[in-house]
Amino acid sequence: MMQTYDLQANGLRELNAALHAQANDTNQTSWEIVNPRGSHAVAVGLDAPIEVSVKGSTGYYTAGMNKQATVHVHGSAGPGVAENMMSGTVVVEGDASQYAGATGHGGLLVIKGNASSRCGISMKGINIVVHGNVGHMSAFMAQSGNLVVCGDAGDALGDSIYEARLFVRGSVKSLGADCIEKEMRPEHIEILRDLLDRAGCDAKPEEFKRYGSARQLYNFKIDNAY
Amino acid sequence: MCGIVGLFLKDKALEPQLGALLTDMLITMTDRGPDSAGIAIYGAEDTSASKLTVQAEDPDTAFDGLADKMAAALGGPVTLTRNDTHAVLRVPAGKAEEARTALREVAPDVRAMSFGDTLEIYKEVGLPKDVAARFDIAKMSGTHGIGHTRMATESAVTTLGAHPFNTGLDQCLVHNGSLSNHNSLRRKLQREGIHIETKNDTEVGAAYLTWKMQNGATLGEALEASLEDLDGFFNFVVGTKDGFGVVRDPIACKPAVMAETDQYVAFGSEYRALVNLPGIETARVWEPEPATVYFWTHDQAPTPSKKAA
């Protein structure tokens, strides 16, 4: 049964407390949040296989630290959406502001509009699919995971990247330090096809270029080498 | 932090609500900075008079007889309309700048907040709701305005450290961020003869724009030059007699959201600031690009000009 929560009327703490109270075997699996009005920290720290639908635009840190849950924002999201996500899915129908998916360890973040600067900064295993463009310094110091950009990337893509696969269909304004274009091998096409499919994007994997680390800048043991 | 808002009306029917809309936007941003707050309002033009908005610590004494003294100094009629710690001096048309200079001689304890034909700036230490209430900003009408709520980082919490800053005739500026080269730039501008009153970083940014424009730059050119010469973080929203502009530094780590409908163009540090504007649900909402000067005037279509970072 769908639970509807009016954020303006009932407040943020109660909302997040109610969502945190859901166990793995909850029967309240479907939540609708109305009147988000740009609020911060909507649906953060979830850890249950529930579906949360936010009807409107949100502020900072939406769905941060998400585990298991599916959070769908029917609007745009402010800075730090899905920051440090561990698993689950976050979908933003509109645009996302700075550092979307920052430090994410796992799960899938889909942004159907554009993401601004620092998308996927320090990503650690998350998959991010942006239907539009990403701003400057995206995937800065990325460590693991995949960033898929169906539009264009801004300045200094993948600056100081450790490891992570960056797929861009459009133009890249400039590559950051130690980030280079890499060969697109069959296994990359397969990874990309799967991510595009899960992100509801009809772009063809063959249209993308892959970028990654030249491995000239760091001296750690390369456990994650792609 | 700091919170900034701006509202530029296209629809004249909204003009009586400008003060109320801006006040609501600014109060929403209170938790981005509760130290001090200010609003700049561009009201109706009176072709017979220009305006000098002034402030005094002790307004009862300081404003007593001020109009007469200013009238004598300017050789023309001057009226004073007091609003709490502030007052608007209406001086003969075209004499706003002369009046600002004369004020320093006539009443050195009275501070000029703004000068121009339509601009009035009101700012004080305190929460946005309290500052807006003491000046009854919500009752003010106008064509456009900008507002700021401050979390001080670079200098003291004082009236003169509050924003908006007056940068020239009918021009003002609010800032979210911090400038890191303001000390060296202050020394340079002071050598050029530019008057700078405080240790505040934004005042230096404002003085920089004034200096550029005194040397022939348009406001747009001055803003573009600021991308080269100012070091640090900044989102600037500027007001002019006829327009409203936005520029972000190339790093763009300070948040910014814009919304446009047939009725208005609005700026907020966060989307929260915009949620009570009429028709926001169907507005075009976007994040302004880094190192890009955006400008709207009542005469022209928007003209964002890209500047290489």
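Domain bounds here come from an automatic or database domain assignment. For chain A that assignment gives domain 1 (1-97) and domain 2 (120-226). The centres of domain 1 of chain A and domain 2 of chain A, taken over C-alpha atoms, are 27 Å apart. The model is predicted.

**Contact between the chains**

Chain B meets chain A through 11 residues of chain B and 13 residues of chain A. On the chain B side, eight of the residues that touch chain A are nonpolar and three are charged. No polar residue is counted on that side.

**Overall form of chain B**

Chain B holds eight helices and 17 strands. Its radius of gyration is 18 Å, and the globule rule gives 19 Å for 309 residues. The two values are close, so chain B is as compact as a globular protein of that length. The C-alpha trace of chain B spans about 50 × 45 × 35 Å along its principal axes. Of the 309 residues in chain B, 50% are buried. Contacts in chain B with a separation of 6 or more were also sorted by distance along the chain: 69% of them join residues 24 or more positions apart.

**The seven-stranded sheet**

Seven strands of chain B form an open sheet. Their order is S7-S2-S8-S1-S14-S13-S15, and the pairing is antiparallel. Strand S7 (119-125) and strand S15 (284-286) of chain B are the edges, each pairing on one side only. From one strand to the next, the twist averages 10 degrees.

Strands S1 (residues 3-9) and S8 (residues 144-150) of chain B run antiparallel and are joined by six bridges. Which residue in S8(B) is the bridge partner of Gly6(B)? The partner is Ile146(B).

**Helices on the sheet**

Helix H1 of chain B packs on the sheet. Among the strands touched by H1 are strand S2 (36-42) and strand S14 (264-268) of chain B. Helix H5 of chain B lies across strands of chain B that include S7. The table sets out both helices.

| Helix of chain B | Residues | Strands of chain B | Angle |
|---|---|---|---|
| H1 | 18-28 | S1, S2, S8, S14 | about 155 degrees with S1(B) |
| H5 | 128-135 | S2, S7, S8 | about 45 degrees to S2(B) |

S2 and S8 of chain B appear in both rows: H1 touches them, and H5 lies across them.

Definitions and conventions. Residues numbered from 1 in each chain as written. Chains lettered and ligands numbered in written order. Predicted model: local features only at pLDDT ≥ 70, side-chain atom pairs only at ≥ 80, totals over all residues. Contact = placed C-beta atoms within 7 Å. Nonpolar A, V, L, I, M, F, W, Y, C, P; charged D, E, K, R; others polar. Helix = DSSP H or I, 4+ residues; strand = E, 2+ residues; numbered from the N terminus. Rg over C-alpha atoms; globule rule 2.2 N^0.38 Å. Buried ≥ 20, exposed ≤ 12 C-beta atoms within 10 Å, placed from the backbone. Pairing = 2+ DSSP bridges. Axes fitted to C-alpha atoms, helices over the stretch in contact; angles between N-to-C directions.
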